[in-house]
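Visitor: I would like a close look at a single part of this protein, with the cut-offs behind each term spelled out. Please take one buried residue and work outward from there.

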Amino acid sequence: MVAYSFKARFVAPIQAGTKRQTIRADRKRHAKPGEQLQLYRGMRTKQCELIGRAECLQVVKITILFDDADPEAEGIILPGFGFPGGLNGFAIADGFASWADLKAFWRENHPGIDEFQGNLIMWGDLG
């Protein structure tokens with residue numbers, strides 16, 4: 001089983017089933033399709049709580065580009081994998097109100113980083 005921790009703002013969308021993915025940097029071990037995920041809020045804190053468990057459906061390499069000077073250059077690169085709804089659709093599926101909301105969150109939590117390469121981890125219904 002692989003565990004992922006989320007900020008409090010993502011608990012409601014995860015429980016509602018509108019957020020079924022997470023974007024994560026590379027690490028030694030990520031979930032693999034078919035494995036059980038444990039989704040937590042505040043892992044490694046006294047306020048830690050289990051949000052739920054779900055099966056990992058897919059893990060896809062992802063690149064996200066942020067460009068304040070040229071919004072046309074912004075985008076998501078998912079080789080061999082499309083995402084309906086463009087940037088806003090992707091952001092909503094990730095628990096944000098819009099691409100602008102995702103971008104503001106990114107800027108606040110990762111200042112100065114305009115390109116991210118990592119993994120998109122997707123899961124099914126909470127069990």
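Guide: What follows starts at Lys19 and moves on to the strands, the helix and the pocket. Residues are numbered from 1 along each chain as its sequence is written, and side-chain values use heavy atoms, with hydrogens and water left out. The model is predicted, so local features need pLDDT of at least 70 and side-chain atom pairs count only at pLDDT 80 or more, whereas totals for chains, interfaces and linings use all residues.

Lys19 lies in the loop between helix 1 (11-16) and strand 2, where helices (H or I, at least four residues) and strands (E, at least two) are DSSP runs numbered from the N terminus. Lys19 counts as buried because its relative accessibility is 2%; buried means under 20% relative accessible area, exposed over 50%, and partly exposed in between, with a 1.4 Å probe and protein chains only. The side chain of Lys19 reaches the backbone oxygen of Gln21 at 2.7 Å. Leaving aside residues up to four places away in sequence, Lys19 touches Phe6, Phe10, Pro13, Ile14, Ala93, Asp94, Gly95 and Trp123, a contact being heavy atoms within 4.5 Å.

Of these neighbours, Phe6 has Arg41 in strand 3 as its bridge partner. Strand 1 and strand 3 (residues 36-41) run parallel and are joined by five bridges, and two strands pair if DSSP finds at least two bridges between them. Strand 3 is also joined to strand 4 by six bridges, in an antiparallel arrangement, and Tyr40 stands opposite Leu50 in strand 4.

Gly95, another neighbour of Lys19, follows helix 2 and has a positive phi, near 95°. Within helix 2 (residues 86-93), Gly89, Phe90 and Ala91 are buried, and the buried residues of this helix pack against strand 2 (21-24), strand 4 (49-65), strand 5 (75-77), helix 3 (99-109) and strand 6 (115-126).

Phe10, which Lys19 also touches, is one of the residues closest to the centre of the largest pocket, together with Ile23, Arg24, Phe105 and His110, out of 19 lining residues. On a 1 Å grid over the protein atoms alone, a pocket is an open set of points where a 1.4 Å probe fits, with protein on both sides within 12 Å along at least five of seven lines, and lining residues have an atom within 4 Å of a point. Helix 3 gives the most to this lining, with four residues.

Methods: Polar contact = N/O pair within 3.5 Å; in protein donor to acceptor, adjacent residues only side chain to side chain.
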